[in-house]
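Morning, everyone. Please have a look at the model on the screen, and then I'll walk you through it.

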Amino acid sequence: MNKKFLFGLVCAIALFASCEKDPTPDPQPTGSNIVGYALSEGNWGGNNATITLITTDGAEKNWFADNNNRGLGELAQDIIHYGHRLYVTVSGSGKVEVIDDESGKSLKQIDFGTKYPRYMVAHNGKVYVTSYDKTVSRIDTANLEIEATCRLSGLQPEQLCVIGNNLYVCNCWENGSDGNARYDNTVSVIDLDSFIETDKIEVGTNPGKIKALDDHRFIVACGGNYGDEEAMCMVVDVNNNSKTTLEVAASNFDVCGNTVYMYATTYDAAWNTTTNFYTMDINTLAPVQILANYSSQLSSAYTMNVNPANGQIFVANSEYGANSDIYIFSPAGEKMRQEEAGIFTNKVAF
């Protein structure tokens, strides 16, 4: 395999492993001490994906396995909290796992076969799932069945968001017949009523992460081609198709209220990493550096998520092959505590 492409693939997995603003999380039951659910994808071929339950008292690293007498599966990619349930795409196992948010018991495994399900967003009683067969599937949350599928015209789809009556889906990259990567530079637009792709918006090369900022704009992170086209981050106004390129690229980001929380990991000539963290007001789009004292400790950051209930910032540091450390910061950036989770923690859902 081309060495340059292999490194690009590793970077792409790290960049796009953990977007619409995630659906408003369900309130926890009265007296619950649950804070969030940390999803860890596990090692490639390890069949060791996990969910760690984070509580006010600590963390239960094998929460799903302990409550189901089986593992979660191979390469868990995304987790959302919707309708007092957790939905988890387990890509390598070809399924979406539906879990009760209190007991941790599996309610159903929705079979995706060889589609390789990736990312999800929930909206109006439906869960939408991208898959590497270039489709978006719509799950009815009443009967937990796939009720419709939309085929896309771009390359492999990644994250997606909802604005108004449309889905916006990143089209990223795929292997060509020669073994080298081909890169897309578009975001597909799907009408929710007809569930048909109606348009594509040109953005940067290799878009993978996307979130709604408000009722007419989304932010998208583009990974570049790991060569002459650099990573970049862009805000798109869907009303007039205006585009604003941001001052910093983003390896990962989250949106909470009127603030974007992001980090950018860069490499020097010896492949040493540097990670910088920022906040950005959605109106000014000006980055402000945060967590500067933790850049070295979080050089292997793999996700950054913000609890909408209290503004606490969760950053998972995932050294290759080792269990992740989840750092929990106050809204002001002060470290509150640290918990251990599984291998390659790629998202914390609240």
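Let me start with a term. A salt bridge here is a side-chain nitrogen of Lys or Arg within 4 Å of a carboxyl oxygen of Asp or Glu. Keep in mind that this is a predicted model.

So, how many salt bridges does a search of the whole structure find? The search returns 15. Take Lys108 and Glu145. They form one of these bridges, with the closest N and O atoms 2.6 Å apart. Lys108 sits in strand E7, residues 106–111, and Glu145 in strand E11, residues 145–151, so this pair ties together parts that are 37 residues apart in sequence. Lys108 is partly exposed, at 25% relative accessible area. Glu145 is partly exposed too, at 41%.

Next pair. Lys115 and Asp133 meet through their side chains in a salt bridge, 2.8 Å from N to O. Both ends are in loops. Lys115 is in the loop between E7 and strand E8 (117–123), while Asp133 is in the loop between strand E9 (126–131) and strand E10 (135–140). The two residues are 18 apart, and the pair links distant parts of the chain. Is Lys115 buried or exposed? Its relative accessibility is 19%, so Lys115 counts as buried, because the cut-off for buried is under 20%. Asp133, at 24%, counts as partly exposed.

Third pair. The side chains of Lys134 and Glu174 meet in a salt bridge at 3.2 Å, N to O. Here 40 residues separate the partners: Lys134 is in the loop between E9 and E10, and Glu174 is in strand E13, residues 166–175. Lys134 is partly exposed at 24%. Glu174 is buried at 10%.

There is also a network. Which residues does it link? Salt bridges connect Lys126, Arg138, Asp140 and Glu147. As a general point, side chains of opposite charge can pair when their charged atoms come close.

On to the sheet. Strands of a sheet pair through backbone hydrogen bonds, either parallel or antiparallel. Four strands make an open sheet in the order E12-E13-E14-E15, and the pairing is antiparallel. Which are the edge strands? They are E12 (157–163) and E15 (196–202), and each pairs on one side only. From one strand to the next, the twist averages 25 degrees. E12 and E13 pair over five bridges, in the antiparallel sense. If you want one position to look at, take Cys161: its bridge partner in E13 is Tyr168.

Now some single residues. First, Thr275. It lies in strand E22, residues 273–281. Thr275 is buried, with a relative accessible area of 0%. Its side chain makes a polar contact of 3.1 Å with the side chain of Thr265. Setting aside residues up to four places away in sequence, Thr275 touches seven listed neighbours: Tyr263, Ala264, Thr265, Ser295, Leu298, Ser299 and Ala301.

Then Ser318. Find it in the loop between strand E25 (313–317) and E26. Ser318 counts as buried at 5% relative accessibility. What does its side chain reach at 3.3 Å? The backbone nitrogen of Thr345. With the same sequence neighbours left out, Ser318 touches Ser300, Tyr302, Ser324, Phe344 and Thr345.

Last residue: Ser330. It is in the loop between strand E26 (323–329) and strand E27 (335–343). At 11% relative accessibility, Ser330 counts as buried. Beyond its neighbours within four places in sequence, Ser330 is in contact with Ile313 and Met336. The C-alpha atoms of Ser330 and Phe314 are 9.1 Å apart, and these two residues are 16 apart along the chain.

Finally, the whole chain. Its secondary structure comes to two helices and 28 strands. Of the 350 residues, 57% count as buried. The C-alpha trace spans about 50 × 50 × 45 Å along its principal axes. Why does the chain agree with a compact globule? With 350 residues, such a globule would have a radius of gyration near 20 Å, and the chain has 19 Å, so the two agree.

That's my tour. Questions, please.

Note on methods
Residues are numbered from 1 along each chain as its sequence is written. This is a predicted model: local features need pLDDT of at least 70, side-chain atom pairs count only at pLDDT 80 or more; totals for chains, interfaces and linings use all residues. Side-chain values use heavy atoms; hydrogens and water are left out. Buried means under 20% relative accessible area, exposed over 50%, partly exposed in between (1.4 Å probe, protein chains only). Contact means heavy atoms within 4.5 Å. A polar contact is a pair of N or O atoms within 3.5 Å; within protein, one must be able to donate a hydrogen and the other to accept it, and residues adjacent in sequence count only if both atoms are side-chain atoms. Two strands pair if DSSP finds at least two bridges between them. Axes are lines fitted to C-alpha atoms, for helices over the stretch in contact, and angles run from 0 to 180 degrees between N-to-C directions. The radius of gyration is taken over C-alpha atoms; the globule rule is 2.2 Å times the number of residues to the power 0.38.
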